[in-house]
Amino acid sequence: MNIAIIGTGYVGLPSGVGLAELGHKVTCIDIDDKKIEALKRGELTLYEEGLEDLFNKNIKNGNLSFTSSIKDGIQDATVVILAVGTPPDPISKAADLTYIFNAASEVSKYLRKYTVICDKSTVPVGTGDKIEKLILKNNPQAHFDVVSLPEFLREGFAVHDFFYPDRIVIGTQSKQAQEILLKMYEPLQHNTKIICVNRKSAETIKYASNSFLAMKIHYINEIADFCEKSGADINDVALGVGLDSRIGSKFLNPGPGFGGSCFPKDTLAMDYMAREVGVNLTLIQSAISGNLLRKKIMARRIMQKASRFKDPKIAVLGIAFKGGTDDCRESPAVDIVKELQSLGATNISIFDPKALNNAKRIFGNTLSYASSIEECIKDADLLVTLTEWNDFRTLDLAKMAILMRHKIIEDYRNLFDPETASQAGFEYSAIGRSNLPYEALAS
Ligand code: UGA
């Protein structure tokens with residue numbers, strides 16, 4: 001099947017590569033000429049675990065191509081997928097639909113045969129109707145259906161999630177469009193459940209899913225706060241709670257707050273949409289405000305420890321919004337480091353296995369960038385972990401202790417074993433684990 005995907009970001013590119021791997025002829029389209037030129041040269045424009053091999057393979061076998069022209073890109077396509085950004089409006093926080101309407105408008109000019117136009121961007125409920133109207137207004141003769149095809153890929157696991165999705169949601173009542181999309185996903189039908197629902201339900205499923213996951217994280221973070229005060233250990237509590245199959249063990253990892261380009265934006269947009277129709281989503285509102293406050297509290301907690309020293313060197317491990325990606329958008333680590341700076345920290349060194357280039361665009365020369373973990377923590381007074389990279393979990397804490405000036409760890413991703421940290425001489429504090437010295441806890 002010929003498929004065109006508009007937008008080559010974290011959703012569009014992995015989806016395009018995945019569909020090509022399923023055997024379809026995929027053209028990826030982006031208005032950014034530089035990106036398209038790089039992709040044509042065989043250079044991946046983002047980091048995503050496992051993507052590079054599939055990307056190279058499908059360029060070689062001719063299943064994957066790139067263009068910056070919507071006209072050329074969609075001419076043979078049976079399915080056109082819109083996967084452009086929907087950033088929040090800076091004031092209202094509603095999703096900004098400029099890119100998606102521009103893309104749909106451009107597509108409408110070149111529709112010559114029946115085409116299924118799928119929206120994979122996360123858009124407010126009712127946007128599918130607006131896209132349909134816009135296309136009909138521009139091109140009344142056009143023969144098409146607009147389908148909501150929400151994306152559930154996680155960054156860092158996009159390749160895995162593409163081939164083993166928990167579900168595929170097809171939002172349309174058009175039988176013709178449903179048949180074409182079921183055919184498109186046929187190779188995946190044994191790995192997943194495919195459900196067909198109406199367009200507005202599909203649009204809602206996306207927001208309701210992301211908001212639920214954000215609330216689940218916020219919930220476990222609050223329970224972690226309680227554990228710190230009560231002497232319980234959040235890791236054990238999350239384990240025990242998650243074994244209830246009605247709750248499930250995923251997304252119960254406490255941390256410095258949820259981030260990324262989706263949860264903060266989608267919870268805000270869900271709240272905005274609900275207000276528009278007179279519904280008050282108090283749980284989501286609480287997760288939004290609690291998550292913002294959490295990052296400030298984390299920074300204050302670090303400063304409390306750091307302020308014991310004169311011009312303390314704070315070593316930060318991890319700046320991406322989570323492990324497995326170079327993406328720093330809405331990263332809790334970025335917000336916490338900014339807050340540290342505004343609280344007066346001047347000697348911050350950061351290390352991240354993938355995200356340093358993106359971090360440089362944010363922080364410029366206001367802090368130092370280490371090229372290794374050892375360089376980052378050398379002569380540091382305090383070590384803070386903010387991103388859950390696997391490389392950090394296996395650190396030899398005894399060796400780390402020798403490199404540091406003072407032996408303090410603030411582990412906000414619960415990467416280390418408190419006993420090992422204590423044995424290495426560290427004053428160790430984690431999320432949701434009583435911050436008494438280990439010996440006291442063990443007694
Ligand atoms: C999220 C959803 O998980 C995907 O299903 C969805 O497709 C995607 O948004 C999207 O809408 O495009 P993603 O933003 O890649 O995916 O990241 P997650 O893995 O969900 O993590 C989001 C944030 O929550 C990160 O900051 C992460 O560190 C944090 N998190 C996650 C926790 O603090 N604890 C957890 O247990 C899980």
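In what follows, Ala, Val, Leu, Ile, Met, Phe, Trp, Tyr, Cys and Pro count as nonpolar, Asp, Glu, Lys and Arg as charged, and the others, Gly among them, as polar. The structure on display is a predicted model.

**First stop: the ligand**

Please select the ligand together with the residues around it. By class, this shell consists of nine nonpolar, three polar and eight charged residues. Of the 20 residues around the ligand, those that come nearest are Leu-153, Glu-155, Lys-206, Asn-210 and Asn-253.

Next, colour the helices α9 (199-230) and α11 (263-276), each of which supplies at least two residues of the shell. Which helix gives the most to the shell around the ligand? It is α9, with three residues.

Now display the polar contacts of the ligand one by one. At Lys-322, an N or O atom of the side chain lies 2.8 Å from an oxygen atom of the ligand. At Gly-259, the partner is a backbone N or O atom, 3.0 Å from a ligand oxygen. At Leu-252, a polar backbone atom is 3.4 Å from an oxygen atom of the ligand. On its own the ligand has 710 Å² of accessible area, and the protein covers 93% of this.

**Second stop: Thr-387**

From Lys-322, proceed to Thr-387, since these two residues are in contact. Thr-387 is found in the loop that joins β12 (382-385) to α16 (390-393). Is Thr-387 buried or exposed? Its relative accessibility is 0%, so Thr-387 counts as buried.

Show the side chain of Thr-387 and find its polar atom that lies 3.4 Å from the backbone oxygen of Gly-318. Beyond its neighbours within four places in sequence, Thr-387 touches further residues, among them Leu-317, Ile-319, Ala-333, Asp-352, Phe-392 and Arg-413.

**Third stop: helix α2**

Finally, select residues 33-40, which form helix α2. Ile-36, Ala-38 and Leu-39 are its buried residues. These three lie on the same side of α2, because they cover an arc of only 160° around the axis. With these buried residues still selected, display what they pack against: the helices α1 (12-21) and α3 (51-60), and the strands β2 (25-29) and β3 (64-67).

Both ends of α2 merit a view. What caps the N-terminal end of α2? The cap is Asp-32, which has a side-chain oxygen 3.1 Å from the backbone nitrogen of Lys-34. Just after α2, the tour ends at Gly-42, where phi is positive, at about 85°.

Methods: Residues numbered from 1 in each chain as written. Predicted model: local features only at pLDDT ≥ 70, side-chain atom pairs only at ≥ 80, totals over all residues. Heavy atoms only, no water. Buried < 20%, exposed > 50% of the residue type's maximum accessible area, 1.4 Å probe, protein only. Helix = DSSP H or I, 4+ residues; strand = E, 2+ residues; numbered from the N terminus. Arc of directions from axis to C-beta. Contact = heavy atoms within 4.5 Å. Polar contact = N/O pair within 3.5 Å; in protein donor to acceptor, adjacent residues only side chain to side chain. Near = heavy atom within 4 Å. Areas by Shrake-Rupley, 256 points an atom, 1.4 Å probe, with all protein chains shown as cover.
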